[in-house]
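Colleague: Take me in close on the packed interior of this one, please. Start there and work outward, and don't spare me the details.

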Amino acid sequence: MVGFKQTLCALLLAVISGVAIAQNTTNSPYTRYGYGQLSEQNFGNSKAMGGIAYGLRDGSQINPLNPASYTAIDSLTFLFDGGFSLQNTNFSSQGVKINAKNSSFDYVAMQFRMRKWLAMSIGLLPYSSVGYNLSKVDTEGVSEDARNVVTYSGDGGLHQLYAGLGVKVLKNLSVGVNVSYFWGEITRTAYLQFPNYAESFDYEDLTHMSVRDYKLDFGAQYTQQFGKKHKLTVGAVFSPKHKLNNDAYVQKGMYANTSSGKTLISVNSQDTIATFGTPNTFGAGFTYVYDNRLTIGVDYSLQKWGSVTYMNQPDAFCDASRISLGAEYIPSLLSRSYFGHVKYRLGAYYSEPYYKINGIRACQEYGVTAGVGLPLPGSRSLINLSAQYIRVNGQKNYMVNENTLRLSIGITFNERWFFKRKVQ
């Protein structure tokens with residue numbers, strides 16, 4: 001127990017550090033739209049396996065993307081998991097190239113069994129992130145002195161704190177639900193200036209939104225054993241469409257530029273009524289496990305963003321979909337060699353994000369993943385390392401292409417808590 005408390009303190013410190021730097025998680029221009037970049041919300045093993053999760057059923061790993069998986073945990077185990085990522089992204093559009101580096105807090109969660117048929121998980125996850133700074137120079141039909149520059153910037157994001165229950169209703173069938181407290185703030189600014197005038201006026205248009213609401217996610221898993229070495233698990237998830245409670249305001253400011261500096265002339269802030277929502281989400285997948293050493297899985301998800309209203313616009317987004325493939329291999333469960341117990345993982349995915357620009361889908365996304373689960377000597381705990389290469393292709397030549405390399409690390413503390421020691 002002492003060892004667990006020490007490692008728990010270390011992990012909490014790492015999480016606090018992650019939260020401190022979590023405000024700068026993306027520089028993608030696509031986060032100018034909607035809620036920004038949606039987080040994957042999968043944990044260490046799933047990240048390295050292309051993001052598959054709906055059919056994953058592993059009592060030594062937490063899987064919040066399907067709460068029915070919680071019942072896989074045994075009665076003696078307590079799981080505590082945390083992770084963060086580092087990424088490097090190259091952006092390119094019409095011959096212009098820039099680079100950005102970011103870090104992010106990914107997740108922190110715990111899981112334990114409450115009854116033979118009931119298990120629980122509690123965790124903190126990011127839902128989306130916004131971070132961009134773009135400038136546009138107006139050169140059409142104006143003299144050089146009259147040219148203006150508009151700078152678009154934004155930051156913020158949404159988060160969720162969940163508590164979930166998994167219930168085993170039959171020997172091979174489990175269902176589950178996550179109830180999340182959903183909150184966050186996003187600020188977007190457009191700043192107009194005339195840099196070639198010695199004395200001019202600048203104009204700022206700021207939009208701010210904050211969300212405080214709840215979110216529900218449901219899941220089910222059915223597992224069938226075939227002989228001694230073959231097992232198939234089929235999973236499904238559903239998240240209902242939900243209108244989000246929010247506060248929003250618009251602020252307009254004017255600044256005077258003179259030889260003595262910039263001076264605020266006027267500012268006007270006004271609350272506004274805005275409609276925001278989350279979509280109906282459907283997902284299904286399966287995993288095949290051979291001899292408890294080889295796992296192969298496929299997932300498909302569909303988010304009906306096209307029917308969600310955002311900032312009072314009913315057609316602000318496109319439907320989003322994703323298909324994922326993944327595998328995990330353990331060389332030998334009986335080997336005395338350390339590397340015989342290492343979990344080797346591989347995966348790939350294709351997705352169509354929800355961004356819409358000028359009435360059309362903005363981009364497509366491809367990714368390949370790989371990683372390992374490294375056992376900590378003398379314990380059942382794991383260090384999960386993964387690498388993801390992500391390619392985002394803009395649908396038009398004026399849209400941005402992105403190439404991202406993301407490195408993630410997660411630590412799963414697997415402790416035996418609920419047993420009695422016998423002393424003779």
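Modeller: Happy to. The largest nonpolar core has 32 residues, and Y30, Y35 and W305 have the most contacts inside it. Bear in mind that this is a predicted model. Strand 4 (118-138), strand 6 (173-193), strand 7 and strand 20 (382-394) each put at least two residues into this core. Strand 4 is the top contributor, with three residues. As general background, nonpolar side chains tend to be buried together in soluble globular proteins.

Let's stop at W305. If you skip its neighbours within four places in sequence, W305 is in contact with Y35, L38, Y127, G277, T278, P279, F317, C318, D319, A320 and Y354. Y35 should ring a bell, as it was named with W305 among the residues with the most contacts inside the core. There's also a second, separate core, made of 10 residues and including I62, I73, L79 and A109.

One of the contacts of W305 is C318, and I'd guess you'll want to know about disulfides. A search of the whole structure turns up zero of them. C318 is in no disulfide, and the nearest cysteine sulfur, in C363, is 9.3 Å away. From the C363 end it reads alike: C318 holds the closest cysteine sulfur, and 9.3 Å is too far for a bond, because a disulfide needs the two sulfur atoms within 2.5 Å. Both cysteines are buried, C318 with a relative accessible area of 11% and C363 with 1%.

Now for the strands in this part of the chain. Strand 13 (residues 281-290) pairs with strand 14 (residues 294-303) in the antiparallel sense over 10 bridges, and T287 has G297 in strand 14 as its bridge partner. The two strands make a hairpin with three residues between them, where D291 takes a positive phi near 55°. D291 also forms a salt bridge with R293, the closest N and O atoms being 3.2 Å apart. D291 counts as partly exposed, at 25% relative accessibility.

Strand 14 then joins strand 15, again antiparallel, through 10 bridges. Across that pairing, T295 has E328 in strand 15 as its bridge partner. Strand 15 carries R322, too, and R322 forms a salt bridge with E40, with 3.6 Å between the closest N and O atoms. R322 lies in strand 15 (residues 320-329) and E40 in the loop between strand 1 (37-38) and helix 2 (44-47), so the pair ties together parts that are 282 residues apart in sequence. R322 may be charged, but its relative accessible area is 17%, so it falls under the 20% mark for buried.

For another charged pair, look at K252 and D205, whose side chains meet in a salt bridge at 3.0 Å, N to O. K252 sits in strand 10 (residues 246-258) and D205 in strand 7 (residues 200-226), so this pair links distant parts of the chain as well, 47 residues apart. Here both partners are partly exposed: K252 has a relative accessible area of 44%, and D205 is at 31%. The full count comes to 10 salt bridges.

K343 is a lysine worth clicking on. You'll find K343 in strand 16 (residues 343-352), and it is buried, with a relative accessible area of 12%. Apart from its neighbours within four places in sequence, K343 is in contact with D58, S60, E328, Y329, I330, G371, V372, G373 and L382. E328 in that list is the bridge partner of T295. The C-alpha atoms of K343 and P331 are 7.9 Å apart, and the two residues are 12 apart along the chain.

Last stop, strand 2 (residues 77-93). Strand 2 is mostly covered, with 12 of its 17 residues buried. On one side of the pairing list is strand 21 (residues 401-416), antiparallel to strand 2 over 16 bridges, with T89 opposite T404. Strand 3 (residues 96-115) also pairs with strand 2 in the antiparallel sense over 16 bridges, and there G83 has Y107 as its bridge partner. Strand 2 and strand 3 form a hairpin with two residues between them, and Q94 in that turn has a positive phi of about 50°.

Note on methods
Residues are numbered from 1 along each chain as its sequence is written. This is a predicted model: local features need pLDDT of at least 70, side-chain atom pairs count only at pLDDT 80 or more; totals for chains, interfaces and linings use all residues. Side-chain values use heavy atoms; hydrogens and water are left out. Buried means under 20% relative accessible area, exposed over 50%, partly exposed in between (1.4 Å probe, protein chains only). Helices (H or I, at least four residues) and strands (E, at least two) are DSSP runs, numbered from the N terminus. Two strands pair if DSSP finds at least two bridges between them. A salt bridge is a side-chain nitrogen of Lys or Arg within 4 Å of a carboxyl oxygen of Asp or Glu. A nonpolar core is a set of buried Ala, Val, Leu, Ile, Met, Phe, Trp, Tyr and Cys residues joined through side-chain atoms within 4.5 Å. Contact means heavy atoms within 4.5 Å.
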